[in-house]
Amino acid sequence: MSERPLVLPFDPAGIVLDQRRGLSQQLYQALRARVLDGRLSSGTRLPSTRDLAGMLALSRNSVVRAYDQLYAEGYIESRVGDGTYVCHLPKLSTQLSTGLSHGLSTGLSTKCSENTDDLSRCGRSSERLERLKSNHLPFPKVGPPRAFRVGVPAFDLFPFEVWAKLQAGFWRNPDPAQLGYGDPAGEPLLRELIAAYLRRSRGMSCTAGQIVITSGAQEAISLCAQLLLQPGDEVAVENPGYRAAGHAFAVAGGRVRGVPVDEEGLDCARLALAGDCRLVYVTPAHQYPTGVTMSLARRLALLAWAERQDGWIIEDDYDGEYRYNGAPLAPLAALDRQGRVLYVGTFGKIAFPALRLGYLVLPTRLVQAFSQGRALAVRHSEVGTQCVMAEFMAQGHFQRHIRRMRRAALSRRNVLKAGWPVGVPGLAGMPDVAAGLHVKVDVDNFTREQELVAKAEAVGVEVNPLSSYWLEDSEVPVDKRAGLVLGFAAVPEGEIAEALMRLRKAWR
């Protein structure tokens, strides 16, 4: 005769269920957690559904549903005429996720969750994960726009009715060929239209075959970091500059080196001192955040550096459409004859960031690798947004909207300039703004910068400290990093004037 299995007692203590939430799901999670962490060991006999319902003051149906889920997932088994038992499972690691919802008391140890700054205690983490922990990225502000938010255009001017009609038209009768997996590089028609727009308005010599559609500029930068960098490679970034780009390079394993920016843009003489560097990230049309435009001499010097180093230049043209004296400047990529520039464009500064639509214009030799890299990461972008944007461009709405946005940004800039507070100790006057959607204003020292930012925030006005755009290990003294960065396109003229009035009172 075979021996009867050891019947271990079941103890319901510690199972606390929230009556306001799904009881069967909570019970399932609590029992599953006990199996995974060993408190319900293999061979433990569970109470009948009726008995457990009585112990926990539940309906029997709630217990039956919890048991059914545990049966289906292989945690418990029913023995005919003998009851319900925990299955014989291999020894489980205490590092297994129990998938518990918040608010359910299970008596589990909280050691790992309480020590989130030391993931090594809860299992081996990758080098990339450790780099993410050490890079504290200031994410963009969320919520409705207000003065003077940086990085957002005039949402109030977007033709949402036109967009809604185009979107409804696409989804009313979509082409079945577009409902499966698409080209990782993006929808062909959208790429054709982007290439035509860049040739016409920006003087770039490019084809649709060089374009890869991305989910915004940040994904384009991250893709460059992943595919162009080896761990330990040095990458140069503008300092001060767009910190999220530096973080993307650092997470990919790059050693980020800040290169100073002056009134002509990135200091190429200082870049030349970085002997092993073969990758540089720049914003030449409207440097972020100082607003300077890279001179032609510097552009040519930068291209010569890339050819000499056999290197790459990532050109982020995030708001190049906004130029208030004459046509937008030709990008650095338009001067490139050696295939060294990777051009990053976005629809986020013309439409709205939530669209998550950007693109890369690549040297021909990189297109296949980037398409394959994107296919591995996300397969391809969402098709509806791409097709609607293609129709938006094909019908002329895009160009009309650009002209409207440029006029509105100029008008809002003028209101900011006319109402800027004067006579505030340590605060410079409003400089001329020839391009872009933001402006940098000088402040004489770091303490005053922080005081002005705090007083602005106290009256509901967003003003960004220039000091937050510098790398932590910058050689420049802290007081030389001080300043204010203000976006002027996010809200209408009336709101700008009202915010300026509050600033004048707060800074008086």
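A residue counts as exposed when its relative accessible area is over 50%.

**Figure 1. Ala-57 in the loop between helix 2 and helix 3**. In this predicted model, Ala-57 has a relative accessible area of 63% and is therefore exposed. The loop that holds Ala-57 runs between helix 2 (49-56) and helix 3 (60-72). The phi angle of Ala-57 is near 55°, a positive value in a residue other than glycine. Most residues other than glycine have a negative phi.

**Figure 2. Arg-356 in the loop between strand 10 and strand 11**. Arg-356 is not a glycine, yet its phi is positive, at about 50°. The flanking elements are strand 10 (341-346) and strand 11 (358-361). With a relative accessible area of 42%, Arg-356 is partly exposed.

**Figure 3. Overview of the protein chain and its largest nonpolar core**. The protein chain contains 16 helices and 14 strands. Of its 508 residues, 49% are buried. Among contacts between residues at least 6 apart in sequence, 71% join residues at least 24 apart. The largest nonpolar core has 89 residues, and those with the most contacts inside it include Phe-148, Ile-313, Met-389 and Trp-507. Helix 13 (residues 383-394) provides the largest share of this core, seven residues. A second, separate core has 28 residues, among them Leu-223, Leu-229, Val-237 and Phe-370.

**Figure 4. Surroundings of Ile-313**. Ile-313 is one of the residues with the most contacts inside the largest nonpolar core. When neighbours within four places in sequence are left aside, the contacts of Ile-313 include Val-280, Val-282, Leu-302, Leu-303, Trp-305 and Ala-306. Its other partners are Leu-332, Arg-340, Val-341 and Leu-342.

**Figure 5. Val-361 in strand 11**. Val-361 counts as buried, because its relative accessibility is 4% and the limit for a buried residue is under 20%. The C-alpha atoms of Val-361 and Tyr-343 are separated by 5.0 Å, although these residues are 18 residues apart along the chain. Not counting residues up to four places away in sequence, Val-361 touches Leu-198, Met-204, Cys-206, Gln-210 and Ile-211, as well as Val-341, Leu-342 and Tyr-343.

**Figure 6. Packing of helix 7 against helix 13**. Two packed helices are described by the angle between their axes and the distance between the axes. For helix 7 (residues 188-202) and helix 13, the angle is about 40° and the axes are 9 Å apart. Helix 7 is therefore oblique to helix 13. The crossing of helix 7 with helix 13 is left-handed. On the side of helix 7, Leu-189, Leu-190, Leu-193, Ile-194 and Tyr-197 take part, and they meet Gln-386, Met-389, Ala-390, Met-393 and Ala-394 of helix 13. This contact comprises nine nonpolar residues, one polar residue and no charged residues.

**Figure 7. Packing of helix 6 against helix 13**. Helix 6 (residues 160-172) packs on helix 13 at an angle of about 120°, with the axes 9 Å apart. The two helices are therefore oblique to each other, and helix 6 passes helix 13 in a right-handed crossing. Helix 6 contributes Val-162, Trp-163, Leu-166, Gln-167, Phe-170 and Trp-171. The residues they meet in helix 13 include Val-383, Thr-385, Val-388, Met-389, Glu-391 and Phe-392. By class, the contact has ten nonpolar, three polar and one charged residues.

**Figure 8. Packing of helix 8 against helix 9**. The axes of helix 8 (residues 216-228) and helix 9 are 8 Å apart and form an angle of about 30°. These helices cross in a right-handed manner. Gln-218, Ile-221, Ser-222 and Ala-225 of helix 8 make the contact with Ala-244, Ala-245, Ala-248 and Phe-249 of helix 9. Six of the contact residues are nonpolar, two are polar and none is charged.

**Figure 9. Cis peptide bonds at Pro-240 and Pro-289**. Most peptide bonds are trans. The bond joining Asn-239 and Pro-240 is cis, with omega about 5°. Pro-240 is found in the loop between strand 5 (234-239) and helix 9 (243-251). The peptide bond from Tyr-288 to Pro-289 is also cis, with omega near 15°. Pro-289 is located in the loop between strand 8 (279-282) and helix 11 (296-309).

Key:
Residues numbered from 1 in each chain as written. Predicted model: local features only at pLDDT ≥ 70, side-chain atom pairs only at ≥ 80, totals over all residues. Heavy atoms only, no water. Core = buried A, V, L, I, M, F, W, Y, C linked by side-chain atoms within 4.5 Å. Buried < 20%, exposed > 50% of the residue type's maximum accessible area, 1.4 Å probe, protein only. Helix = DSSP H or I, 4+ residues; strand = E, 2+ residues; numbered from the N terminus. Contact = heavy atoms within 4.5 Å. Axes fitted to C-alpha atoms, helices over the stretch in contact; angles between N-to-C directions. Parallel < 35°, antiparallel > 145°, perpendicular 65-115°, else oblique. Left-handed = near helix turned anticlockwise from the far one by under 90°. Nonpolar A, V, L, I, M, F, W, Y, C, P; charged D, E, K, R; others polar.
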